Amino acid sequence: MLLCSLVWGITFVVVKDALADSSPFAYLAARFTLAALPMAWFYRADLRKLSAAEFWAGVRIGVLMFGGYAFQTAGIAETTPSKAAFITGFSVVLVPVLIAVLWRRRISVWAWIGACASLAGLYYLTVPREGIADLNRGDLLVTGCAFCYALQIIFIERYSAEHSLAGLSFLQVAVTAAFSIFAIPLFAATHLEPFRFHLTAELVFAVIVTAVFTTAIAYPLLVWGQSHTSATNTALILASEPVFAAVTSYIVLHERLGARGLAGAALILAGILVAELKGPVRAAEHT
């Protein structure tokens, strides 16, 4: 899972470059379709034995995965890789909060303290000194991604204990591919996102890297890893993702967060550590 976190952190910059040549849903459709094809062949024996319960579990996770990537990719097009990564990291503290709110389970006061610290960090990271009226649209979209990813973490832990890891891995990728393909004409017809897909070397590189390494390989590893640990441990490991993204963006794009942004990023990470080290909660027990 740490390897997954490293690869995902690095590819925030890769995706940012790719979106110069592609609209978000066109990029997602290419990425996840390319990832689903080898996974379908590799897991063909497991897929033949899928039960109806396993199928619908995979579809549910896939819908959340699609929502997360749709919000995140659209947001990255309008914000910086580092900010997108730290906002995505906010999903970690949302895991216990959503368990408390949606499943009405008691969680530690430390989990609430961590969530509040991360929320304050999110404010400093995204809201400029001029005020909330100047909030970047991309930052707001990535915040939607954080909620989807938090629910995805919860449901992966819940279902990975009961169902085929191969089936869940493939189905979440396949569902994301299908929804992305469907979204292209829908958003083009409503003029929300004109179709763009220029086959440049940068775009081809981004699609191959993210399809093969960060999707076809990384997601099965994540599902396998989560089946051997809790959502809490998963969240802690994935908390390193924005750090990897920030370092990569600093080196490649020379991005600087500034004092306010750095303070926000630090508060988000501090909130994650407080919530997960002091007030852990297993999602599988509550869903």
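Student: How many helices and how many strands does the secondary structure of the protein come to?
Tutor: The model we are looking at is predicted, and the pattern read along its sequence is α-α-α-α-α-α-α-α-α-α-α-α-α. Counted up, the secondary structure comes to 13 helices and zero strands.

Student: Why does the protein count as being as compact as a globular protein of its length?
Tutor: The C-alpha atoms fill a box of roughly 50 × 45 × 35 Å along the principal axes, which gives a first picture of the extent of the chain. For 287 residues the globule rule gives 19 Å, and the protein is as compact as a globular protein of that length because its radius of gyration is close to that value, at 18 Å.

Student: What percentage of the contacts with a separation of 6 or more comes from residues 24 or more positions apart?
Tutor: It helps to begin with burial, since 55% of the 287 residues of the protein count as buried. Among contacts with a separation of 6 or more, the part that joins residues 24 or more positions apart is 91%.

Student: Which helix gives the most residues to the largest nonpolar core?
Tutor: In soluble globular proteins, nonpolar side chains tend to be buried together. Here the largest nonpolar core has 72 residues, and those with the most contacts inside it are Trp8, Tyr27, Phe32, Tyr69, Phe170 and Val173. The element that gives the most to this core, with eleven residues, is helix 8.

Student: Which residues does valine 173 touch, leaving out those up to four places away in sequence?
Tutor: Valine 173 is one of the residues with the most contacts inside the largest nonpolar core, and Phe32, another residue on that list, is also among its partners. With residues up to four places away in sequence left out, valine 173 touches Phe32, Ala35, Ala36, Met39, Met65 and Thr215.

Student: What is the volume of the largest cavity?
Tutor: Rolling a probe the size of a water molecule over the atoms shows where empty space is left. A search of the whole structure finds one cavity of 30 Å³ or more, and the volume of the largest cavity is about 340 Å³.

Student: Which residues lie nearest the centre of the largest cavity?
Tutor: By class, the lining of this largest cavity divides into 14 nonpolar, nine polar and two charged residues. The lining has 25 residues, and those nearest the centre are Trp8, Thr88, Tyr149, Tyr219 and Glu241. Elements that give two or more residues to this lining include helix 1 (2–18), helix 5 (81–89) and helix 12 (241–252), but the names you asked for are Trp8, Thr88, Tyr149, Tyr219 and Glu241.

Student: Which helix gives the most to the lining of the largest pocket?
Tutor: About 400 Å³ of space lies in the largest pocket, and of the 19 residues that line it, the closest to its centre are Phe25, Ala74, Arg137, Phe187 and Glu193. The lining has twelve nonpolar, three polar and four charged residues. At least two lining residues each come from helix 2 (24–42), helix 4 (52–76) and helix 8 (137–160), and the one that gives the most, with five residues, is helix 4.

Student: Which helix gives the most to the lining of the second largest pocket?
Tutor: About 160 Å³ of space lies in the second largest pocket, where Lys83, Tyr124, Leu125, Thr126 and Pro128 are the closest to the centre among the 15 lining residues. This lining has five nonpolar, four polar and six charged residues. Two or more lining residues come from helix 7 (109–126) and from helix 13 (258–278), and the element that gives the most, with three residues, is helix 7.

Student: Is serine 240 buried or exposed?
Tutor: Serine 240 lies in the loop between helix 11 and helix 12, and it touches Leu2 and Ser5 when residues up to four places away in sequence are not counted. Its relative accessibility is 18%, and because buried means under 20%, serine 240 counts as buried.

Student: Is arginine 104 buried or exposed?
Tutor: Arginine 104 lies in the loop between helix 6 and helix 7, and its phi is near 55 degrees, a positive value in a residue other than glycine. Exposed means over 50% relative accessible area, so at 76% relative accessibility arginine 104 counts as exposed.

Technical notes. Residues are numbered from 1 along each chain as its sequence is written. This is a predicted model: local features need pLDDT of at least 70, side-chain atom pairs count only at pLDDT 80 or more; totals for chains, interfaces and linings use all residues. Side-chain values use heavy atoms; hydrogens and water are left out. On a 1 Å grid over the protein atoms alone, a cavity is a set of points where a 1.4 Å probe fits but cannot get out, and a pocket is an open set with protein on both sides within 12 Å along at least five of seven lines; lining residues have an atom within 4 Å of a point. Grid points are joined across faces, edges and corners, and a volume is the space filled by probe spheres set on the points. Helices (H or I, at least four residues) and strands (E, at least two) are DSSP runs, numbered from the N terminus. Ala, Val, Leu, Ile, Met, Phe, Trp, Tyr, Cys and Pro count as nonpolar, Asp, Glu, Lys and Arg as charged, and the others, Gly among them, as polar. A nonpolar core is a set of buried Ala, Val, Leu, Ile, Met, Phe, Trp, Tyr and Cys residues joined through side-chain atoms within 4.5 Å. Buried means under 20% relative accessible area, exposed over 50%, partly exposed in between (1.4 Å probe, protein chains only). Contact means heavy atoms within 4.5 Å. The radius of gyration is taken over C-alpha atoms; the globule rule is 2.2 Å times the number of residues to the power 0.38.
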